[in-house]
Amino acid sequence: MSTAVVADEDGETAPGGVVADRAAPAGATPTAAVPGGVRGPGEAGAASAVDPVRFVALGDSLTEGVGDPVAGGWRGWAALLAGSLAPPEVGVEFTNLARSGALTTDLTTEQLPAALVLRPRLAAVVVGGNDTLRSGFDIGRTARELDTTLGELSRSGTLVLTACLPDPGALLRLPRPLSRPLARRMRAVNSVVHALSARHRAVHLHVAELPWTAHRGLLSVDRLHPSAEGHRLIARGFHDLLAAAGRPLGPAPAADPVDPPPGAVADLWWMATRGTSWVAERSTDLLPGLLALAAVEGWARLRGATGRHDEQMARAAATALAALE
């Protein structure tokens, strides 16, 4: 069974916080959200002539909430947004299917079927960063999987929320032989996300353009995921777009966390106890792939061919999109 929990702004469980026990779809995880009528799917709640807004989040660790810790796990931008997606008298049913490490193929094979069963009114699909960090990166495959996920959700009547993502190499401040090929891949993924968002009439937030490197407080200790403040910035960005589209919403998520961000000691403790294992779990595929990328990039620089590699990746993205027509 999976339990939906209502949490305060500071992440503490609110009185009567356990609001629903239910049989969870495959891949679903316990979720936490701010007050505002958020409840688990199937809960009767207060009498209302209007059905609650059903919101499902698909994606990877960004949407899972990594970087925004609360008691018992992560919260994140999707849970923060959930509490503001409808007026209090309407309420929201929220399920977070996102999981750390997910690729676009995982959405199609695991998360999408679970989401369709829930028949959401809104669904967030934010993914692609992990694809760029894998040795077997294939922009054609990424485009096909994203098109399938966005297409099936939109055809079912769901309004989809999407986002383009920042360059992981820039966030991590990797040396140029590593950062340039990652940036090249991320640009390709983002170009695909932009085109498919337009095709499927998604609400798209340019997360890549937020000031991640200029404002260090927006990033968590691992420099790859948003901090609590960063998650709130994303949630408010989506809320602004939905409000501009004329959707009836509740109040926007608060701009700043109630509690101050963790200090240096807390950051070091996280890295020692949890961050190290997070990196180690990904090193078996990620590290060899990055080293191979660096070797190829170094050889290309010696031959003056880095610009040609950029053009080849851009053409590959365009070809992948054309193949979906």
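The following exercises, with worked solutions, concern the overall make-up and the salt bridges of a predicted model.

The model is predicted, with local features requiring pLDDT of at least 70 and side-chain atom pairs counting only at pLDDT 80 or more, while totals for chains, interfaces and linings use all residues. Residues are numbered from 1 along each chain as its sequence is written, and side-chain values use heavy atoms, with hydrogens and water left out.

**Exercise 1. Overall make-up**

Task: State how many helices and strands the protein has, and describe its burial, its contacts and its exposed area.

Solution.
1. The protein has 10 helices and 11 strands; these are DSSP runs, numbered from the N terminus, with helices being H or I of at least four residues and strands E of at least two.
2. Of the 325 residues, 51% are buried, where buried denotes under 20% relative accessible area, exposed over 50%, and partly exposed in between (1.4 Å probe, protein chains only).
3. Among contacts with a separation of 6 or more, 76% join residues 24 or more positions apart; a contact requires heavy atoms within 4.5 Å.
4. The exposed surface of the protein is about 14300 Å², of which carbon and sulfur atoms supply 58%. Such areas come from the Shrake-Rupley method with a 1.4 Å probe, and for residues only the protein chains shown count as cover.

**Exercise 2. A salt bridge between two strands**

Task: Characterise the salt bridge between R54 and E93.

Solution.
1. A salt bridge is a side-chain nitrogen of Lys or Arg within 4 Å of a carboxyl oxygen of Asp or Glu. The whole structure contains 10 salt bridges.
2. For R54 and E93, the N to O distance is 2.7 Å.
3. R54 belongs to strand β5 (residues 53-59) and E93 to strand β8 (residues 92-96), so the pair ties together parts that are 39 residues apart in sequence.
4. R54 is partly exposed because its relative accessibility is 27%, whereas E93, at 5%, counts as buried.

**Exercise 3. A salt bridge between two helices**

Task: Locate the partners of the salt bridge between R187 and D310, and identify the network to which they belong.

Solution.
1. The side chains of R187 and D310 meet at 3.6 Å, N to O.
2. This pair links distant parts of the chain, 123 residues apart: R187 lies in helix α7 (residues 176-199) and D310 in helix α10 (residues 306-322).
3. With 47% relative accessibility, R187 is partly exposed, while D310, at 18%, is buried.
4. A network of salt bridges links R180, R184, R187 and D310.
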